[in-house]
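Here are some exercises to work through with the structure open beside you. Try each task on your own before you read its solution.

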Amino acid sequence: MKVSIKKTKQSEKTLAVFICKGKFPEVLNPYKKDIQNVLKEIDFKGNKKTSVFLPLTNSKSHKYIMILGLGEENSFDYEGVRQAGAKMYKELKRHNQKTADVLVESFVTKHTKDVNQICQAFTESVILSSYKCDEFKKPKKEEKDLKELFICLSSNKNSSCEKAVKEGAILATAANFAKRLANYPGNLMTPSILANEIQEQTKNTKIKTTVWDKKRIEKEKMGGLLGVSLGSPQEPRFIIMEYKGSAKKPVILVGKGLTFDSGGISLKPAQAMDEMKFDMCGSTAVAGAMLAIEKLGLKAHVIGLIPSSENMPGQNANKPGDILKARNGKTMEVLNTDAEGRLILADALSYASEKKPQAIFDAATLTGAIIGALGNLFTGFFTKNENLAKKIFQAGEKTGERVWRLPLTEEHTSDIKSGIADVANISSNRGAGSSTAAAFLEHFVDKDIPWAHFDIAGTAWNVHNRLEYCNPKQASGVMVRTFVELARSYQ
Ligand code: BES
Ligand code: ZN
Ligand code: ZN
């Protein structure tokens, strides 16, 4: 669905008013007669995720009013704006409303004073909500869905929210692009299709996209990426996206692009194996972020790197015990072919280090263990650099994508020692699987480069009903907005 968020008033029909728990804001005064009794009757208090939709009898401009609860004022923040905006979107659709009039001041509380930030968060939420994964279904003849929704966002005081609306739209559209690619099933999204899609999307932009095929990957000594791809007839790809918004050293974003992870010879159990089509969500986060960075015109030099492969148990597949050599010369003992993400990231991180960047950030659906540790709401991150950790917390705070730091220590490094190669791809100890995976990746990043790894296995899809603007089962687009925010800090 198309969503237009405009400042100019049109023939709005529904007035959307957002209220904190126990409050009755002034804007509601003219409609007291219409609403007071009903609110009392249904005991509407302004709790989070609650709403009422009522006809108005004595208003010239609006036919209906929608009142939405924001919860306690004390705990309301910009992420609350997103959640409420998404709830409004759903309710408008449910009531078949095409136009809504939203007053920005509805959201101003003691923790949310910045009107621009409100406008940006609100726009993000509505556009994120508007993404629907319906391209694999035969179109219904009688499409009841609204085709377009007009939301008029207006403010009494501030007239400069247009830029904020524009930025919010760019970020959410990029996240929706990431979701769309990630939702494709494995048969329709292979490494070469992914590379083509990215090439297509970056065609008329300032992003220079280069794609390496199998031959080139071999020539570039990317033994991890090559090794993982051997069990599949689908060739691997290494995708490089470069945006030079400044002459400074680059910031590099790396994303795991496993278009399907069957586990390989160490085959996964059948249950939920279909979800392994999402094992490329790190790569889509990078691609989405790069698109947004370019559209926003950030004055930063950013490179996106995507190693992409299938992990299948074909006749040439890696076998447990095989040894692969990564681009930086280190050898990796493949004790479990299902721990393949780290093998392809090894080459990408080695390549990234050669560029002597200001920082490297990677996102990967790397371990099932992170789901056990943090569930579906927090992305776990690992870094030994305090400054970077601070930056990451700040970025997460700004975008509402919640992050939590987990330990990465020399004990984790000794857990992945190999008797025969430089490093083993699984731990010799039980537990801390996400930390030992991070310790593996660390082998491929130059010591003096600030680096952080995000394990998004819990947050990239299947976020249940926690985030109002995300499909509960499909891809969430996580990290697109946080990556952009991080890139912003290197301007
Ligand atoms: N792609 C998976 C991680 C994963 C598992 C993400 C379940 C989301 C849900 C990764 O390649 C993998 O299989 N990791 C193994 C590592 C193990 C063999 C050390 C895992 O987590 O079980
Ligand atoms: Zn795996
Ligand atoms: Zn995987």
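Two rings of Phe, Tyr or Trp count as a pair if their centres lie within 6.5 Å. With that cut-off, ring pairs link Phe381, Phe393, Phe454 and Phe483 into a cluster. Keep in mind that the model is predicted.

**Exercise 1. Aromatic pairs**

Task: Find how many aromatic pairs the whole structure has, then classify the pair of Phe107 and Phe122 and the pair of Phe238 and Tyr351.

Solution:

Step 1. Start with the count: a search of the whole structure gives 15 aromatic pairs.

Step 2. Recall how such a pair is described: by the distance of the ring centres and the angle of the planes. Planes under 30 degrees apart count as stacked, those over 60 as edge-to-face, and the rest as tilted.

Step 3. For Phe107 and Phe122, the centres are 5.7 Å apart and the planes stand at 45 degrees, so this pair is tilted. Phe107 sits in the loop between strand 5 (99–103) and helix 3 (115–130), while Phe122 belongs to helix 3, so the pair ties together parts that are 15 residues apart in sequence. Both Phe107 and Phe122 are buried.

Step 4. For Phe238 and Tyr351, the centre-to-centre distance is 5.5 Å and the angle between the planes is 85 degrees, an edge-to-face pair. This pair links distant parts of the chain, with Phe238 in strand 8 (residues 237–244) and Tyr351 in helix 9 (residues 341–354), 113 residues apart.

Step 5. Check the surroundings: Phe238 is buried because its relative accessible area is 0%, and Tyr351 counts as buried because its value is 9%.

**Exercise 2. Two zinc sites**

Task: Which residues coordinate the zinc ion (ligand 2), and which coordinate the zinc ion (ligand 3)? Work out the geometry of each site too.

Solution:

Step 1. List the protein donors of the zinc ion (ligand 2): Asp261 (OD), Asp338 (O), Asp338 (OD) and Glu340 (OE), at 2.0 to 2.2 Å. Along the sequence these donor residues follow the spacing D-x76-D-x1-E.

Step 2. Do likewise for the zinc ion (ligand 3): Lys256 (NZ), Asp261 (OD), Asp279 (OD) and Glu340 (OE) coordinate this ion at 2.0 to 2.4 Å. Their spacing is K-x4-D-x17-D-x60-E.

Step 3. Look for a link between the sites. Asp261 bridges the zinc ion (ligand 2) and the zinc ion (ligand 3), which lie 3.2 Å apart.

Step 4. Compare with the ideal: six octahedral donors would give angles of 90 or 180 degrees. Around the zinc ion (ligand 3), the six donor atoms subtend angles of 77 to 173 degrees, so the arrangement is octahedral. Around the zinc ion (ligand 2), the angles among the six donor atoms run from 69 to 164 degrees, and the site is irregular.

Step 5. Finish with accessibility. Glu340 counts as buried because its relative accessibility is 0%. Lys256 is buried at 1%, and Asp279 is buried at 1%. Asp338, at 22%, counts as partly exposed.

**Exercise 3. Two helices**

Task: Compare the span of helix 11 with the expected value, find where its buried residues lie, and then examine helix 2.

Solution:

Step 1. Helix 11 (residues 386–399) has 14 residues, and its first and last C-alpha atoms are 20 Å apart, close to the 20 Å expected at 1.5 Å a residue.

Step 2. Its buried residues are Leu388, Ala389, Lys391, Ile392, Ala395, Gly396 and Thr399. Viewed down the axis of helix 11, these buried residues fall within an arc of 160 degrees, so they line one face of the helix.

Step 3. Turn to the face directed away from the buried side: there helix 11 carries the exposed residues Glu386, Asn387, Lys390, Gln394 and Glu397.

Step 4. Pick out one buried residue, Lys391. Lys391 lies over the face of Tyr490, 4.1 Å from the ring centre.

Step 5. Now move to helix 2. Its 17 residues should span 24 Å at 1.5 Å a residue, and the end C-alpha atoms are 25 Å apart, which agrees. Helix 2 is mostly covered, with 14 of its 17 residues buried. After helix 2 comes Asn96, with a positive phi near 60 degrees.

Technical notes:
Residues numbered from 1 in each chain as written. Chains lettered and ligands numbered in written order. Predicted model: local features only at pLDDT ≥ 70, side-chain atom pairs only at ≥ 80, totals over all residues. Heavy atoms only, no water. Donors = N, O, S within 2.8 Å, 3.2 Å for Na, K, Ca; no water. Tetrahedral: all angles 85-135°; square planar, octahedral: opposite > 155°, others 65-115°. Buried < 20%, exposed > 50% of the residue type's maximum accessible area, 1.4 Å probe, protein only. Phe/Tyr/Trp six-rings, centres within 6.5 Å; stacked < 30°, edge-to-face > 60°. Helix = DSSP H or I, 4+ residues; strand = E, 2+ residues; numbered from the N terminus. Lys NZ or Arg CZ within 6 Å of the ring centre and 35° of its normal. Expected span 1.5 Å × (residues − 1). Arc of directions from axis to C-beta.
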